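Here are some notes for a colleague who is meeting this structure for the first time. Please read them with the sequence and the model open alongside.

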Amino acid sequence: MKLIIAIINDDDFRGVSEALIKAEFQSTRLSSTGSFLRAGNSTLLICVENDRLDTCIGIIQSHCKKRKQLVATPAMHGSFASYPVEVIVGGATVFVTDVERFEKF
């Protein structure tokens with residue numbers, strides 16, 4: 001058995017969640033915030049059987065797309081003006097670890 005920890009952009013959460021439910025995967029959602037953009041993320045905890053691991057990761061991958069977004073930079077050197085910078089957001093960061101013990105009450 002494996003534990004998937006998937007950190008996804010909040011904009012991608014609904015599609016991922018609906019697809020996981022349709023494929024009969026159960027997950028727990030934790031609200032989280034990225035440190036760089038300080039934007040909302042959803043961290044999903046998903047426990048899966050080894051033979052369904054690739055299916056679950058495939059669902060996450062197919063619903064989490066990277067996209068460009070303009071963000072304001074902080075003012076520099078005493079200046080009051082900030083300027084927009086294009087950054088890549090979205091996608092997913094996925095960790096997979098072995099589960100030593102799993103119980104559901």
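The points below go from the overall make-up of the chain to its sheet, then to the helix on that sheet, and end with some totals.

1. To begin with the source, this is a predicted model, and the points that follow should be read as descriptions of that model.

2. The chain contains 2 helices and 6 strands, and, read from the N terminus, these elements follow one another in the order β-α-β-β-α-β-β-β.

3. Of the strands, 4 come together in an open sheet whose order is S2-S3-S1-S6, with antiparallel pairing. At its edges lie strand S2 (28–33) and strand S6 (92–98), each of which pairs on one side only. From one strand to the next, the twist averages 20°.

4. Within this sheet, strand S1 (residues 2–9) pairs with S6 in the antiparallel sense, and 7 bridges join the two. A reader who wishes to locate this pairing in the model may look for Ala6, whose bridge partner in S6 is Val94.

5. Helix H2 (residues 53–63) packs on the sheet, where it touches S1, strand S3 (40–48) and S6. The direction of helix H2 makes about 5° with that of S1.

6. As for the chain as a whole, 66% of the contacts with a separation of 6 or more are between residues 24 or more positions apart. Buried residues account for 26% of the 105 residues in the chain, while the area that the chain exposes comes to about 7,600 Å², with 53% of it supplied by carbon and sulfur atoms.

How values were computed. Residues numbered from 1 in each chain as written. Predicted model: local features only at pLDDT ≥ 70, side-chain atom pairs only at ≥ 80, totals over all residues. Heavy atoms only, no water. Pairing = 2+ DSSP bridges. Axes fitted to C-alpha atoms, helices over the stretch in contact; angles between N-to-C directions. Contact = heavy atoms within 4.5 Å. Buried < 20%, exposed > 50% of the residue type's maximum accessible area, 1.4 Å probe, protein only. Areas by Shrake-Rupley, 256 points an atom, 1.4 Å probe, with all protein chains shown as cover.
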